[in-house]
Amino acid sequence: MRAALRVLLEGEGYEVEAVTNGEHAMRAHQRRPADVLITDLYMPVRDGFETLTYFRASNPGMRIVVISGWKRVQKADHLAVALQAGADAILRKPFTPGELLDTVRGQPKLEVA
């Protein structure tokens, strides 16, 4: 998924730094700050909620997009919780390339965790 997002976004002219988890996203952002963070909720080391909380607190103006799958059998809609925790936008998997581009259009640089 991460590689596909990178190809899509770079094809649209965005600079993208793709990392494997929230901890790596935090370190990458310290080296080279981004305008937008796209994160999944379920990742190793630091999950999407920890990542969202860190980036929202330390970068209040950053646009944060949270992506994840959601099954009707789950008791909680974790993407809805992500909105309440400070995400600017959510995308449910599967989503189309157009939906992703519409969500981030106009942003000069992205990080994908």
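## E50 and its surroundings

E50 lies in helix α3 of this predicted model. At 37% relative accessibility, E50 counts as partly exposed, because that value falls between the 20% limit for buried and the 50% limit for exposed. Setting aside residues up to four places away in sequence, E50 touches M26 and V45. The chain also brings E50 towards E23: the two are 27 residues apart along the chain, and their C-alpha atoms are separated by 9.2 Å.

One of those two neighbours, V45, is worth a stop of its own. V45 is found in the loop between β2 (36-40) and α3 (48-58), and V45 is exposed, with a relative accessible area of 64%. Its backbone has a phi near 70°, a positive value in a residue other than glycine. Why point this out? Most residues other than glycine have a negative phi.

## How α3 meets α2

E50 also takes part in a helix pairing. From α2, the residues G22, A25, M26, H29 and Q30 meet E50, T51, Y54 and F55 in α3. By type, the residues of this contact divide into 4 nonpolar, 4 polar and 1 charged.

How do the two helices lie against each other? Helices α2 and α3 pack with their axes 9 Å apart, at an angle of about 25°. They are therefore roughly parallel to each other, since angles under 35 degrees count that way. The crossing of α2 past α3 is right-handed.

## The overall plan

Stepping back, the protein has 5 helices and 5 strands. Following the sequence from its start, you will meet them in the pattern α-β-α-β-α-β-α-β-α-β.

How much of the protein is buried? Of its 113 residues, 43% are buried. Contacts across the chain can be described too: among those between residues at least 6 apart in sequence, 69% join residues at least 24 apart.

## A second helix pair: α1 and α5

Helix α1 (residues 2-11) has a partner in α5, and the axes of the two come within 11 Å and cross at roughly 60°. That angle makes α1 oblique to α5. The handedness of the crossing, as α1 passes α5, is right-handed.

Which residues make this contact? On the α1 side they are L5, L8 and L9, and on the α5 side P97, L100, L101 and V104. The residues here divide into 7 nonpolar, no polar and no charged. For the pairing of α2 with α3, the division is 4 nonpolar, 4 polar and 1 charged.

## Two nonpolar cores

The largest nonpolar core has 15 residues, and those touching the most other members are L37, L52, F55, M62, I64, V66 and A82. Elements giving two or more residues to this core are α2 (22-31), α3, β3 (63-69) and α4 (78-84). The largest share, 3 residues, comes from α2.

A second, separate core holds 14 residues, including L5, L9, V65 and L101. Three of these names may look familiar: L5 and L9 of α1 and L101 of α5 also belong to the helix contact described above.

## Two buried residues in strand β2

Strand β2 contains I38 and T39. Is I38 buried or exposed? I38 is buried, with a relative accessible area of 1%. T39 is buried as well, with a relative accessible area of 0%.

Both residues have a partner from another part of the chain. I38 and R63 are 25 residues apart in sequence and 8.5 Å apart in space, C-alpha to C-alpha. For T39 the partner is A87, 48 residues apart along the chain, with 9.9 Å separating the C-alpha atoms.

## A cis bond before P94

The last stop is a feature of the backbone. A cis peptide bond joins K93 and P94, with omega at about -5°. Most peptide bonds are trans. Where does P94 sit? P94 lies in the loop between β4 (89-93) and α5 (97-104), and that same helix α5 contributes P97, L100, L101 and V104 to the contact with α1.

Methods
Residues numbered from 1 in each chain as written. Predicted model: local features only at pLDDT ≥ 70, side-chain atom pairs only at ≥ 80, totals over all residues. Heavy atoms only, no water. Helix = DSSP H or I, 4+ residues; strand = E, 2+ residues; numbered from the N terminus. Buried < 20%, exposed > 50% of the residue type's maximum accessible area, 1.4 Å probe, protein only. Core = buried A, V, L, I, M, F, W, Y, C linked by side-chain atoms within 4.5 Å. Axes fitted to C-alpha atoms, helices over the stretch in contact; angles between N-to-C directions. Parallel < 35°, antiparallel > 145°, perpendicular 65-115°, else oblique. Left-handed = near helix turned anticlockwise from the far one by under 90°. Contact = heavy atoms within 4.5 Å. Nonpolar A, V, L, I, M, F, W, Y, C, P; charged D, E, K, R; others polar.
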